[in-house]
Amino acid sequence: MASGFFAILDDLAALMDDVAVTSKIATQKTAGILGDDLAVNAEKATGFISSREIPVLWAITKGSFINKLIILPIAFLLHWLYKPAIEIILILGGFYLAFEGVEKIIEFLFHRDKKGHEVIEESTKNEDDENSEKSKIKSAITTDFILSIEIVIIALGTVLEEQHPLLTQIITVSLVSFLATIGVYGIVALIVRMDDAGFKLIRKSNDKGFFSKLGHLLVKALPIIIKMLAIVGTIALILVSGGIFVHNIAYLHHFLPDWPSVLKEFTFGMIGGLLAVALFTLGKKIYTLATRK
């Protein structure tokens with residue numbers, strides 16, 4: 001009896017050791033996509049009024065956890081039943097990310113400058129309109145879903161390479177996926193609350209000394225960081241989508257072999273985004289004509 005109990009403990013220890021080692025390898029391999037994930041989601045989680053930042057971020061974080069709960073069993077099931085389905089889903093997701101990135105660039109380059117009263121009216125409307133907030137949260141969770149698929153697939157590929165038992169694979173991929181959510185949105189929370197931390201430092205130091213200067217620095221830095229995140233997040237969307245195309249479409253993987261990988265991924269991301277925007281615009285016009293009385 002005692003020997004059986006200790007044998008179980010020994011098996012558990014060996015399992016946890018395998019999970020720890022494999023999780024470390026998987027985390028290293030997902031580091032790149034986690035950086036892009038951070039840039040994209042930080043950009044999407046900012047731009048709300050101060051009192052709504054944490055509730056909005058928490059709503060997106062809960063959505064991210066639900067995404068993982070949906071993706072994990074489906075990923076293992078599809079890998080067992082039909083492996084190419086995962087690649088197809090990733091490619092479709094890549095078009096969605098590329099569409100979002102290119103649409104932002106088009107809007108920035110070709111948008112009409114609004115007059116003062118239009119900006120005030122639009123700003124007031126957006127702040128008071130709960131549907132606008134819900135729409136942004138939904139968009140952020142949808143983008144997170146695509147990025148989560150890639151994180152899960154990379155982590156799954158790592159454990160399959162190591163040829164670990166199924167239980168180790170499930171625990172490792174689940175652990176890496178949920179740690180990704182905690183890490184990414186934890187950092188995003190720190191970013192969006194920088195100004196509040198700065199104001200507290202200013203108040204507590206009576207606006208004097210080192211902590212006062214640090215507080216002013218945090219307050220002044222936040223708008224700059226948000227603008228940078230908007231740029232970096234858009235580029236990350238295109239690079240991630242391009243990376244999905246390059247790694248999951250054999251022809252593109254071997255096309256232009258002398259090009260640097262970043263340039264190659266950005267180019268294919270832009271092309272995919274332009275195609276997606278063109279198809280979306282055409283579909284929208286066809287739908288408008290079809291439904292016009």
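**Figure 1. A nonpolar patch sits out on the surface of this predicted model.** Six side chains make up the patch: L77, W80, L81, Y82, I88 and L92. Taken together, they offer about 730 Å² of accessible area. Two helices, α3 (50-81) and α4 (84-110), each put in at least two residues. Of the contributors, α3 gives the most, with three residues. One patch member to look for is W80, which lies in helix α3. W80 counts as exposed because its relative accessibility is 69%, and the cut-off for that label is over 50%. As background, nonpolar side chains in soluble globular proteins tend to be buried together.

**Figure 2. The whole chain, for orientation, is built from helices.** There are 11 helices and zero strands in the protein chain, so reading from the N terminus you meet one α after another. Of the 293 residues, 37% are buried. The accessible surface adds up to about 17600 Å², and carbon and sulfur atoms account for 69% of that. Take the contacts between residues at least 6 apart in sequence: 80% of them join residues at least 24 apart.

**Figure 3. The largest nonpolar core brings together 19 residues.** Zoom in here and you'll find L90, L97, V152, L156, V173, V240 and I244, the residues with the most contacts inside this core. Two or more residues come from each of α3, α4, α6 (130-161), α7 and α9 (209-248). The top contributor is α6, which supplies seven residues. For a look at one core residue, pick L156: setting aside neighbours within four places in sequence, L156 touches A75, F76, H79 and V173. A separate core lies apart from this one and has 15 residues, including L57, A140, V184 and L222.

**Figure 4. F65 and F178 make a stacked aromatic pair, and the structure holds six aromatic pairs.** The ring centres of F65 and F178 are 5.7 Å apart, with 25 degrees between the planes. That angle makes the pair stacked, because planes under 30 degrees apart get that label. F65 belongs to helix α3 and F178 to helix α7 (residues 166-192), so this pair ties together parts that are 113 residues apart in sequence. Buried or exposed, or something between, for F65? With 24% relative accessibility, F65 counts as partly exposed. F178 also comes out as partly exposed, at 21% relative accessibility.

**Figure 5. F255 and F268 form a tilted pair.** The centres of these two rings lie 6.3 Å apart and their planes meet at 45 degrees, so the pair is called tilted. F255 is in the loop between α10 (250-254) and α11 (261-291), while F268 is in helix α11, so the pair ties together parts 13 residues apart in sequence. The two rings differ in cover: F255 counts as partly exposed at 33% relative accessibility, whereas F268 is buried, with a relative accessible area of 9%. Y251 joins in as well, with ring pairs linking Y251, F255 and F268 into a cluster.

Methods. Residues are numbered from 1 along each chain as its sequence is written. This is a predicted model: local features need pLDDT of at least 70, side-chain atom pairs count only at pLDDT 80 or more; totals for chains, interfaces and linings use all residues. Side-chain values use heavy atoms; hydrogens and water are left out. Patches are made of residues with over 30% relative accessible area and no salt bridge: like charges are joined within 9 Å, nonpolar side chains (Val, Leu, Ile, Met, Phe, Trp, Tyr) within 5 Å. Accessible areas come from the Shrake-Rupley method with a 1.4 Å probe; for residues, only the protein chains shown count as cover. A salt bridge is a side-chain nitrogen of Lys or Arg within 4 Å of a carboxyl oxygen of Asp or Glu. Helices (H or I, at least four residues) and strands (E, at least two) are DSSP runs, numbered from the N terminus. Buried means under 20% relative accessible area, exposed over 50%, partly exposed in between (1.4 Å probe, protein chains only). Contact means heavy atoms within 4.5 Å. Rings of Phe, Tyr and Trp (its six-membered ring) pair if their centres lie within 6.5 Å; planes under 30 degrees apart count as stacked, over 60 as edge-to-face and the rest as tilted. A nonpolar core is a set of buried Ala, Val, Leu, Ile, Met, Phe, Trp, Tyr and Cys residues joined through side-chain atoms within 4.5 Å.
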